[in-house]
Amino acid sequence: GWQVSVLVDHPPSIAFAQPPRPTHRSVLELGYAASDDYGIARVALDFALVERPLEVDRAVLAEPARAPAEVESTTYLDLTAHPLAGLEVELTLVAEDGLGQVGRSEPVRMVLPERVFEHPLARAVIALRRRLVREPGERRAVAGELDDLAESDLAAAAGTTVQLGLAVATARLRGAREAEER
């Protein structure tokens with residue numbers, strides 16, 4: 001005779017080891033610890049604008065080759081070019097096991113690190129991008145202000161290529177229908 005024991009496969013657990021923080025180069029530092037009874041297959045970061053928590057972006061942080069039962073790591077993620085950079089987001093770590101079971105950390109709110117722009121024209125463009133992300137319904141107004149920037153003295157001083165780039169961005173924004181196009 002054989003004695004058989006059936007063990008339940010529990011979902012993984014994951015938590016921030018310390019609060020996420022920007023480094024001196026504006027890269028996001030994420031320390032985390034995850035565990036699972038049969039091994040971690042993937043660790044990811046979900047993040048969403050606080051005002052729109054259902055529109056989640058995901059960045060895969062690790063996919064360990066041997067699916068270890070415990071993972072402790074610090075990952076550096078450069079999100080400075082992301083449209084949500086400079087805005088308040090909610091971050092949640094996600095761990096997945098080989099069966100596809102998911103464990104989530106407690107959410108953490110923070111302003112995503114952003115690249116610092118010194119030129120006034122670049123600052124104005126980034127402010128319009130931030131406004132468009134926060135208020136997608138303002139697409140036409142933002143396009144109008146972007147068009148005004150293309151014809152401004154700042155754009156003229158930057159050169160024809162900058163003016164043309166802003167004009168093309170304005171035209172593409174006016175024609176955008178989907179969130180991804182914006």
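Helices and strands here are DSSP runs, numbered from the N terminus, with at least four residues for a helix and at least two for a strand. Keep that in mind as we walk through this predicted model, starting in the loops.

The loop between β2 (21-22) and β3 (28-35) is home to S26. Most residues other than glycine have a negative phi. S26 goes the other way, with a positive phi near 65°. A67 also has a positive phi, of about 50°, although it is not a glycine. You will find A67 in the loop between β5 (57-62) and β6 (70-77). With a relative accessible area of 29%, A67 falls between the 20% and 50% cut-offs and so counts as partly exposed.

Next, let us follow the chain into strand β7, which covers residues 88-97 and contains L93. Is L93 buried or exposed? Its relative accessible area is 0%, so L93 is buried. Leaving out residues up to four places away in sequence, L93 touches I14, A15, F16, Y32, A44, L45, L61, G103, R104 and S105. T92 also belongs to β7. This residue is buried as well, because its relative accessible area of 13% is under 20%. The contacts of T92, again not counting residues up to four places away in sequence, are A44, L45, D46, R104, S105 and P107. To step from the strand toward the helices, take L93 and L132: they are 39 residues apart along the chain, and their C-alpha atoms are separated by 27 Å.

Now for helix α2, residues 139-150. How far should its twelve residues span? At 1.5 Å a residue, the expected span is 16 Å, and the end C-alpha atoms are indeed 16 Å apart, so the two values agree. The buried residues of α2 are R139, V142, A143, L146, L149 and A150. Around the helix axis these residues cover an arc of only 115°, which means that they sit on the same side of α2. Turn to the other side of α2 and you meet R140 and D148, which are exposed.

What covers the buried residues of α2? The cover includes α1 (120-134), α3 (153-158) and α4 (160-175). Two of these neighbours deserve a closer look. Two packed helices are described by the angle between their axes and the distance between the axes.

Take α1 first. The helices α1 and α2 pack at an angle of about 170°, with their axes 10 Å apart. An angle over 145 degrees counts as roughly antiparallel, so α1 and α2 are roughly antiparallel. On the α1 side, the contact is made by L121, A124, V125, L128, R131 and L132. From α2 come R139, A141, V142, E145, L146 and L149.

Then there is α4. Here the packing angle with α2 is about 165°, and the axes are 9 Å apart. That makes α2 and α4 roughly antiparallel to each other, by the cut-off of 145 degrees. Their crossing is left-handed. In this contact α2 contributes R139, V142, A143, G144, L146, D147, L149 and A150. The partners from α4 are Q163, L166, A167, A169, T170, L173, R174 and G175.

Terms used. Residues numbered from 1 in each chain as written. Predicted model: local features only at pLDDT ≥ 70, side-chain atom pairs only at ≥ 80, totals over all residues. Heavy atoms only, no water. Expected span 1.5 Å × (residues − 1). Buried < 20%, exposed > 50% of the residue type's maximum accessible area, 1.4 Å probe, protein only. Arc of directions from axis to C-beta. Contact = heavy atoms within 4.5 Å. Axes fitted to C-alpha atoms, helices over the stretch in contact; angles between N-to-C directions. Parallel < 35°, antiparallel > 145°, perpendicular 65-115°, else oblique. Left-handed = near helix turned anticlockwise from the far one by under 90°.
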